[in-house]
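Q: I am in my first year and would like a close look at a single part of this structure, taken slowly. Please begin with one residue and work outwards to what surrounds it.

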Amino acid sequence: MKTLPTLREKKRYVAFEINSENTIFRQDLVREISNSIVSLFGDIGTSQIRPALMSFEGRFGILPLRPGKTVETRAGLACINNIRGIRVSIRVLGISGTIKGATEKFIQQSLIKESEPERR
């Protein structure tokens with residue numbers, strides 16, 4: 001039996017970009033996100049946030065957010081500055097209600113801005 005649309009929890013997705021000196025592997029990023037959130041919020045907070053990386057390709061990734069845990073998830077991402085000895089910085093591009101919206105609105109727009117030459 002399906003859940004009524006009014007009873008389903010609203011989903012949000014955060015699009016982020018990683019700037020690093022070297023290539024970052026998916027499993028290393030997942031481990032570091034989990035470690036960061038556990039160190040900030042403990043086991044109970046981590047179980048409420050449920051960090052799970054949906055997609056990650058190269059520099060861009062999408063992470064699902066639990067309702068009401070946006071600030072905590074962003075804080076966990078902001079605390080990451082080192083993955084296996086590689087210096088990194090994670091920049092949140094934006095939050096969207098769908099995966100398609102996060103991809104089109106934030107990730108593709110970042111790629112377009114990168115490829116455009118500067119106008120003077």
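A: Let us start with T73, which is found in helix α2, and keep in mind throughout that the model is a predicted one. T73 has a relative accessible area of 3%, and because buried means under 20% on this scale, T73 counts as buried. Setting aside the neighbours within four places in sequence, the residues in contact with T73 are I49, L63 and L65.

From this one residue we can step back to the helix that carries it. Helix α2 covers residues 70-78, and its buried residues are T73, G76 and L77. Viewed down the axis of α2, these buried residues fall within an arc of 100 degrees, so they line one face of the helix. A general point about helices helps here: an α-helix has 3.6 residues a turn, so residues three or four places apart point the same way. On the other side of α2, by contrast, V71 and A78 are exposed.

The next thing to ask is what lies over the buried face. The cover of the buried residues of α2 includes β1 (12-20), α1 (26-49), β3 (60-65) and β5 (86-96).

Among these elements, β3 deserves a longer look, since five of its six residues are buried, which leaves the strand mostly covered. Strand β3 pairs with β1 in the antiparallel sense over six bridges; within this pairing, Y13 stands opposite P64 of β3, and E17 stands opposite F60 of β3. Strand β3 also runs antiparallel to β2 (residues 55-57), to which three bridges join it, and here F60 in β3 is the bridge partner of E57. The hairpin of β2 and β3 has two residues between the strands, and in it G58 takes a positive phi near 70 degrees.

Strand β1 has a further pairing, with β5, which is antiparallel and extends over eight bridges; in it, V14 has I95 of β5 as its bridge partner.

The elements that cover α2 appear again when we turn to the nonpolar interior. In the largest nonpolar core, which has 18 residues, those that touch the most other members are F16, I18, I24 and L29. Two or more residues of this core come from each of β1, α1, β3 and β5, and the largest share, four residues, is given by α1. To take one member more closely, I24 touches I18, L29, F56, I83, I86 and V88, when residues up to four places away in sequence are not counted. Apart from this core lies another, of eight residues, which include Y13, F60, I62 and F106.

Finally, we can place this part within the whole chain. The protein chain has three helices and five strands, whose order from the N terminus is β-α-β-β-α-β-β-α. Of its 120 residues, 32% are buried, and T73, with its relative accessible area of 3%, is one of the buried residues. Among the chain's contacts between residues at least 6 apart in sequence, 72% join residues at least 24 apart.

How values were computed. Residues numbered from 1 in each chain as written. Predicted model: local features only at pLDDT ≥ 70, side-chain atom pairs only at ≥ 80, totals over all residues. Heavy atoms only, no water. Buried < 20%, exposed > 50% of the residue type's maximum accessible area, 1.4 Å probe, protein only. Arc of directions from axis to C-beta. Contact = heavy atoms within 4.5 Å. Core = buried A, V, L, I, M, F, W, Y, C linked by side-chain atoms within 4.5 Å. Pairing = 2+ DSSP bridges.
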